[in-house]
Amino acid sequence: MFYPEDRKETLNYLRSFGLEEGLGGHAQAIIVPHGAWSYSGTLVAEAFFSAMGRSPSIKRVVLLGPIHDKREKGLFLSNSHSFNTPLGSILVDKKITEELEVRSRFFEINDVPHLGEHSIEVLLPFVKYCFPNALIVPILMGQPKAQYIYDLAQALKTVIMPILNETLIVVSCNLSNDTDQATAKLLAEEALNLFSQRNSSGLATAVLDGRLNACGGALAAALFESGLLDKTSTCSVADNMVSAVSAENNTVFYSELSYV
């Protein structure tokens, strides 16, 4: 539904974004949207390109995505051996998955929430194309809660900090959605401002009290709270946001950020 199923079409699509092997920046983490490629693919490509210069050293990509089913609660790791893409399978880093599970009482190794969720799935071909030898650590968060944010932050700090130099962290997040386009844009701009400041407490509060509806904002808050980005020197923001109208007639805003 979000990108081509055919291998050749997927390759052509990704190549059209200008992703070239041996080029790119050295971002340690990126925040990217999870919309259809026709709307937000260029933004995703820009973010992944900002990290492609690290490709030879990247052993794993940690993918943090929200669950759209509001009934789900908790943090979900994957029990799968691999995830399929049109470009081939990507192996799951079972060792890191197991280490994360024991670090939080809210983590559960359960593939059921992953089966119907697109927030991580839509990004997997980019991972396979840009970092073909990397493993993945897929993590989904159910409906945001303060304890989920805190526990995820502490788990990331403990498990990922020692291996940060060989890890890329990807947060899947759409900035806003609202039936009124002007309101959606204001919400998106506020979310971007908090992302740029790496303001974990402000972002978490705004998401939890409903002032912001960034889909994946709680995961960004957890990343900032973890301290993994404390030594990053710059944060680049896309020059423009893009928007699309959803099936529910909401305007959704997308952008991307990278932390170097």
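**Close-up 1. The cysteines of this predicted model, starting with C130.** C130 has a relative accessible area of 3%, so this cysteine counts as buried. Turn next to C215, which is partly exposed because its relative accessibility is 21%. Which cysteine sulfur is closest to the sulfur of C215? That sulfur belongs to C173, and the two are 7.0 Å apart, too far for a bond. A disulfide here needs sulfur atoms within 2.5 Å, and the count by this rule comes to 0 disulfides. In general terms, a disulfide is a covalent bond that joins the sulfur atoms of two cysteines.

**Close-up 2. The largest pocket and the residues that line it.** C215 appears again in this view, as one of the residues nearest the centre of the largest pocket. With C215 in that group are H34, H68, N174 and N177. The space in this pocket comes to about 840 Å³, and its lining is made up of 35 residues. What kinds of residue make up the lining of the largest pocket? There are 18 nonpolar residues, 15 polar ones and 2 charged ones.

**Close-up 3. Helix and strands in the pocket lining.** Four elements each supply at least two residues of the lining of the largest pocket: β9 (176-178), α9 (217-226), β11 (242-245) and β12 (251-254). Which element gives the most to this lining? Look to α9, whose contribution is 3 residues.

**Close-up 4. Strand β8 and its covered residues.** This strand runs over residues 167-172, and 6 of its 6 residues are buried, so "mostly covered" is a fair description by the under 20% cut-off for relative accessible area. Follow the side chains to see two sets: T167, I169 and V171 point one way from β8, while L168, V170 and S172 point the other way. Both sets are buried.

**Close-up 5. The strand partners of β8.** Strand β1 (residues 29-32) pairs with β8 in the parallel sense, over 4 bridges. Strand β2 (residues 60-66) also pairs with β8 in the parallel sense, here over 5 bridges. V170 is a handy residue to find in this view: V170 is the bridge partner of I30, and V170 is the bridge partner of L63 as well.

**Close-up 6. Aromatic pairs, with F17 and F126 in view.** The structure holds 10 aromatic pairs. In the pair formed by F17 and F126, the ring centres are 5.9 Å apart and the planes meet at 25°, so this pair is stacked. F17 sits in the loop between α1 (7-16) and β1, whereas F126 belongs to helix α5 (residues 124-130), so their pairing ties together parts 109 residues apart in sequence. Are F17 and F126 buried or exposed? Both F17 and F126 are buried.

**Close-up 7. The tilted pair of F48 and F131.** These two rings lie 6.5 Å centre to centre, with 45° between the planes. F48 is in helix α2 (residues 37-49) and F131 is in the loop between α5 and β7 (135-141), so this pair ties together parts 83 residues apart in sequence. F48 counts as buried because its relative accessible area is 0%, and F131 counts as buried at 2% relative accessibility. Finally, F48 and F131 belong to a cluster linked by ring pairs, which also holds Y3, Y13, F17, W37 and F126.

Key: Residues are numbered from 1 along each chain as its sequence is written. This is a predicted model: local features need pLDDT of at least 70, side-chain atom pairs count only at pLDDT 80 or more; totals for chains, interfaces and linings use all residues. Side-chain values use heavy atoms; hydrogens and water are left out. On a 1 Å grid over the protein atoms alone, a cavity is a set of points where a 1.4 Å probe fits but cannot get out, and a pocket is an open set with protein on both sides within 12 Å along at least five of seven lines; lining residues have an atom within 4 Å of a point. Grid points are joined across faces, edges and corners, and a volume is the space filled by probe spheres set on the points. Ala, Val, Leu, Ile, Met, Phe, Trp, Tyr, Cys and Pro count as nonpolar, Asp, Glu, Lys and Arg as charged, and the others, Gly among them, as polar. Buried means under 20% relative accessible area, exposed over 50%, partly exposed in between (1.4 Å probe, protein chains only). Two strands pair if DSSP finds at least two bridges between them. Rings of Phe, Tyr and Trp (its six-membered ring) pair if their centres lie within 6.5 Å; planes under 30 degrees apart count as stacked, over 60 as edge-to-face and the rest as tilted.
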